[in-house]
Amino acid sequence: MDGSPGEEHLAFTQWAASNGVKINGIAPARFPGRRLGMVATRTIKEDEVILSVPLGLMVTIDSIPSWFVDRFPENASIHAIMSAYLTHGDAELLQPLEAWRRTWPSWQEFEDTMPVLWPEHLRRLNSSGSEMGSTSSSEPSILPLSISGLWNSFSKRQVNVDYETRYQQLLAQQEKRLKDSWEHVVSVFPDTKWEDFAYHWFIINSRSFYYTSPGKGEPEDWNDAIALVPFADYFNHEDEAACGVNFDGSKYTFTATKKYAKGEEIFMSYGGHSNDFLLVEYGFYLDQNESDSIYLDDIIFPELSLPQKKELALREYFGNFEVSEEGPSTSTQLAACLKYMSLRDWRKYVLGQSDRSVDRQKTAAVIREWVDTYRKESITTISIIENMKKKAAAADSTAVESKKETERLDMILGRWIQIQQLCEKIIERLR
């Protein structure tokens, strides 16, 4: 740990404490080679409350004046309205947030780490109408498959069926949310500068906590169940973090679920997400992530007949064929069974009537072959990225441009190496 995070963070800590945030044995701190995080300033006991943030200090859709919210069309997202408020809200109303805002990351930090803001050649997508720009189909795709939906070593076929893919086509989904938000904001504030709006959109996207308006239930889009929670946004993510998080309608409370030593970083969990999701939504991924996984939809669908696809859809096992290091999902196993079982026997198995035709070894062998296709894609793409790195190093460009290109390529290369290793672990477990 480097010590003091900087004067603006110390000033914000004082502001938070004087405005009702209860800070108990923790503080923001810098960690070598990483972003700011939360550190224990003393020994913290298990079950000790380390932070409490009252609702009155949070930025929510309910804390924004109704006259501002009412200017937007009914289909405008909460994310869009909150971004607009931070961009165009009354200066006097926003002034109390100033100490907090000075601690937020810069626009440059978002540009460096968020794939949606990268140059076109680094974020080619499987989206012919990509509003953020797209490149020629002759160019390779270097983003992971769950992010881009594009392959370099495999001929993908269109399914031509709409189904929810929350953890696939991630960047296209994010682009659409960003584009829709932008269109709603400029319909109310035509002179909005793109960078000002986008900066606040990413602040909210990357730093929000779960929140729903009292009495209104879940929003239609889960991305709109959001609130900015001061000081709590210093916590970095760990999949199995030893930090309990609770919102009781009046305050957010954070509790240590193990003993922490002085100087130890304290994490919280943003939820069980794959590293591809973390990369797109937050601009980082974990070295160790128990929730990491791959999806085999593009590999499996071409091998299924129309009647087999209909059976999967009828039983609600269609698509999102996920495999993690712990093993394949139920839908993936059932799709594999279709490769060697008759539809009659398969139906009996799904309905729990008979499993006589199920062969565990055959099922595992089918899934191993599918995962090996994914592994081969990782090897191909790793080679492509390594060649791009060589070209970037030799390019006649400014040192800053060359460094940015290399850092982004290194980031994606590291992710693909993780994917290759994950595939190899899965294959080994299925033997």
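**Close-up views of a predicted model**

**Figure 1. R123 in the loop between helix 6 and helix 7.** R123 belongs to the loop that lies between helix 6 (107-113) and helix 7 (145-148). The model shown here and in the following views is predicted. With a relative accessibility of 5%, R123 counts as buried. Its side chain reaches the backbone oxygen of W118, at 2.7 Å.

**Figure 2. The open sheet of strands 11, 12 and 13.** The sheet has three strands in the order 11-12-13, with antiparallel pairing. Strand 11 (293-295) and strand 13 (327-328) are at the edges and each have a single partner strand, so one side of each is left without a neighbour in the sheet. Strand 11 and strand 12 (residues 322-324) run antiparallel and are joined by three bridges. Within this pairing, S293 is opposite S324 in strand 12. Helix 16 (residues 399-429) lies across strand 11 and strand 12, and runs at about 85° to strand 11.

**Figure 3. The largest nonpolar core and the surroundings of L296.** In soluble globular proteins, nonpolar side chains tend to be buried together. The largest nonpolar core of this model has 124 residues. Helix 15 (residues 360-394) supplies the largest share of this core, eleven residues. The residues with the most contacts inside the core are F202, F235, F254, I294 and L296. What does L296 touch, not counting residues up to four places away in sequence? The residues are F321, V323, T332, W370, V371 and Y374.

**Figure 4. Buried and exposed sides of helix 12.** In helix 12 (residues 306-314), the buried residues are Q308, E311 and L312. These three cover an arc of only 95° around the axis, which puts them on the same side of helix 12. An α-helix has 3.6 residues a turn, so residues three or four places apart point the same way. The buried residues of helix 12 pack against two other helices, helix 13 (330-337) and helix 14 (343-350). On the face turned away from the buried side are the exposed residues L306, K310 and L314. E316, just after helix 12, takes a positive phi of about 65°.

**Figure 5. Strand 3 and its pairing with strand 2 and strand 10.** Strand 3 (residues 37-40) is covered on both faces. G37 and V39 are buried on one side, and M38 and A40 are buried on the other. Four bridges link strand 3 to strand 2 (residues 26-29), and this pairing is antiparallel. A27 has V39 as its bridge partner in strand 3. Strand 10 (residues 265-268) also runs antiparallel to strand 3, and two bridges join them. In strand 10, E265 stands opposite V39. V39 is thus placed opposite a residue in each of these pairings, A27 in one and E265 in the other.

**Figure 6. The surroundings of I23 in strand 1.** I23 lies in strand 1, which covers residues 22-23. Is I23 buried or partly exposed? I23 has a relative accessible area of 26% and is therefore partly exposed, since buried means under 20%. When neighbours within four places in sequence are left aside, I23 is in contact with T13, A16, A17, I50, L51 and F231. R368 is 345 residues from I23 in sequence, and the distance between their C-alpha atoms is 50 Å.

Technical notes
Residues are numbered from 1 along each chain as its sequence is written. This is a predicted model: local features need pLDDT of at least 70, side-chain atom pairs count only at pLDDT 80 or more; totals for chains, interfaces and linings use all residues. Side-chain values use heavy atoms; hydrogens and water are left out. Two strands pair if DSSP finds at least two bridges between them. Contact means heavy atoms within 4.5 Å. Axes are lines fitted to C-alpha atoms, for helices over the stretch in contact, and angles run from 0 to 180 degrees between N-to-C directions. Buried means under 20% relative accessible area, exposed over 50%, partly exposed in between (1.4 Å probe, protein chains only). A polar contact is a pair of N or O atoms within 3.5 Å; within protein, one must be able to donate a hydrogen and the other to accept it, and residues adjacent in sequence count only if both atoms are side-chain atoms. A nonpolar core is a set of buried Ala, Val, Leu, Ile, Met, Phe, Trp, Tyr and Cys residues joined through side-chain atoms within 4.5 Å. The arc is that of the directions from the helix axis to the C-beta atoms.
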